[in-house]
Amino acid sequence: MRRMAFIGLPLWTAQRPGSQGRGESKSAGSSKPGAVDPPLAFIALQASAERVAALNAAGFAAGLRPGLTLAEARAIASNLLCAPYDPKADEAALRRLALGAARYSPAVTVVTPDPARGVEIHGLYLDLEGASHLFGGEEAWLQQVLRRLRDLGLEASGAVADTPGQAFGLSVFTPAARQGLVAPSGRGIALMGELPVAALRLAPGLQDSLRALGLKTVGAVLATPRASLARRFGRGLVTQLDAMTGAG
């Protein structure tokens with residue numbers, strides 16, 4: 001069975017080479033011993049309002065979240081620093097990273113945020129076919145990939161599983177993935193059972209509809225008869241679930 005990995009890069013906008021987030025400490029005068037970087041928000045014009053599109057680690061720690069208006073963000077963090085959001089530069093830098101990752105995989109796919117489709121993180125899919133044994137197996141392969149990214153100053157999480165959907169959900173929504181998580185073949189679905197429905201990469205409105213019916217976890221959705229889901233939400237949901245489980 002083909003095995004896939006997803007490497008999540010939750011702070012890519014702030015940490016990528018060339019980002020203004022890379023120079024925040026120096027520009028804010030926080031390079032002194034013991035100093036802490038201030039919250040930094042990357043701002044984009046969305047729905048006719050200036051909104052937070054991405055944050056540094058201090059921004060998340062301050063309680064900020066993407067989607068807040070600039071005014072809301074400043075009300076939460078009075079010491080907030082701002083920078084323009086540049087998704088094209090983010091993607092270009094990620095594609096350069098993907099080229100370097102080719103040493104670990106015969107096929108590397110770039111993932112950029114697409115909130116409308118339930119993806120709110122940058123990352124990489126890597127196909128492990130014919131690759132992991134060259135590094136001593138899946139565990140050793142994943143640890144080497146994560147170590148290399150951290151050496152580059154990037155926060156990363158990673159998971160290996162049977163399908164791209166399983167690898168994504170486990171990497172992004174399982175805390176253990178920060179140290180690297182390898183789901184044994186056939187066990188990825190069980191490990192995803194208690195994860196929120198957001199782990200299924202569904203449109204926000206569909207997630208809300210599922211939660212309104214009491215289907216708040218991956219396991220609850222998968223336990224619902226496919227025919228019932230198809231009648232209520234359309235065949236597309238069932239097709240996506242089948243692809244995630246490996247049944248499609």
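This report describes a helix, its aromatic contacts, the nonpolar cores and a small set of strands in a predicted model.

## Helix H7 and its surroundings

Helix H7, which spans residues 164–173, is mostly covered, with seven of its ten residues counted as buried. Those buried residues are Gly165, Gln166, Ala167, Phe168, Gly169, Leu170 and Ser171. The elements that cover them include strand E1 (4–9), strand E6 (122–127), strand E7 (157–161) and strand E8 (181–182), together with helix H8 (188–192) and helix H12 (235–245).

## Aromatic pairs

The model holds three aromatic pairs under the ring-centre criterion. In one of them, Phe6 and Phe168 are tilted with respect to each other, with 4.9 Å centre to centre and 55° between the planes. Because Phe6 belongs to strand E1 and Phe168 to helix H7, this pair ties together parts that are 162 residues apart in sequence. Phe6 is buried, at 0% relative accessibility, and Phe168 is buried as well, with a relative accessible area of 2%.

Tyr104 and Phe135 have ring centres 5.4 Å apart and planes at 35°, so this pair is also classed as tilted. Tyr104 sits in the loop between helix H5 (87–101) and strand E5 (108–111), whereas Phe135 sits in the loop between E6 and helix H6 (138–151), so that the pair links distant parts of the chain, 31 residues apart. Both Tyr104 and Phe135 are buried.

Phe6 and Phe168 also belong, with Tyr125, to one aromatic cluster. The ring of Phe168 has a further partner in Arg201, which lies over its face at 5.6 Å from the ring centre.

## Nonpolar cores

The largest nonpolar core has 30 residues, of which Leu170, Val218, Val221 and Leu229 touch the most other members. At least two residues of this core come from each of E1, E7, H7, helix H10 (218–223) and H12, and H12 gives the largest share, four residues. Apart from this core lies another one, of 25 residues, among them Leu9, Val110, Leu126 and Ala156. As general background, nonpolar side chains tend to be buried together in soluble globular proteins.

Val218 can be followed in more detail through its contacts. When neighbours within four places in sequence are left aside, Val218 is in contact with Met192, Gly193, Leu195, Pro196, Val197, Ala199, Leu200 and Met244.

## An exposed loop residue

Glu194 is found in the loop between H8 and helix H9 (204–212), and at 70% relative accessibility Glu194 counts as exposed. The C-alpha atom of Glu194 is separated by 6.1 Å from that of Gly219, although the two residues are 25 residues apart along the chain.

## A three-stranded sheet

Three strands make up an open sheet with the order E3-E2-E4 and mixed pairing. Strand E3 (49–55) and strand E4 (81–84) are the edge strands, each of which pairs on one side only, and the twist averages 45° from one strand to the next.

Within this sheet, strand E2 (residues 40–46) and E3 run antiparallel and are joined by six bridges. One of the residues that can be placed by its bridge is Gln46, whose partner in E3 is Ala49.

Technical notes. Residues are numbered from 1 along each chain as its sequence is written. This is a predicted model: local features need pLDDT of at least 70, side-chain atom pairs count only at pLDDT 80 or more; totals for chains, interfaces and linings use all residues. Side-chain values use heavy atoms; hydrogens and water are left out. Buried means under 20% relative accessible area, exposed over 50%, partly exposed in between (1.4 Å probe, protein chains only). Contact means heavy atoms within 4.5 Å. Rings of Phe, Tyr and Trp (its six-membered ring) pair if their centres lie within 6.5 Å; planes under 30 degrees apart count as stacked, over 60 as edge-to-face and the rest as tilted. A charge sits over a ring if NZ of Lys or CZ of Arg is within 6 Å of the ring centre and within 35 degrees of the ring normal. A nonpolar core is a set of buried Ala, Val, Leu, Ile, Met, Phe, Trp, Tyr and Cys residues joined through side-chain atoms within 4.5 Å. Two strands pair if DSSP finds at least two bridges between them. Axes are lines fitted to C-alpha atoms, for helices over the stretch in contact, and angles run from 0 to 180 degrees between N-to-C directions.
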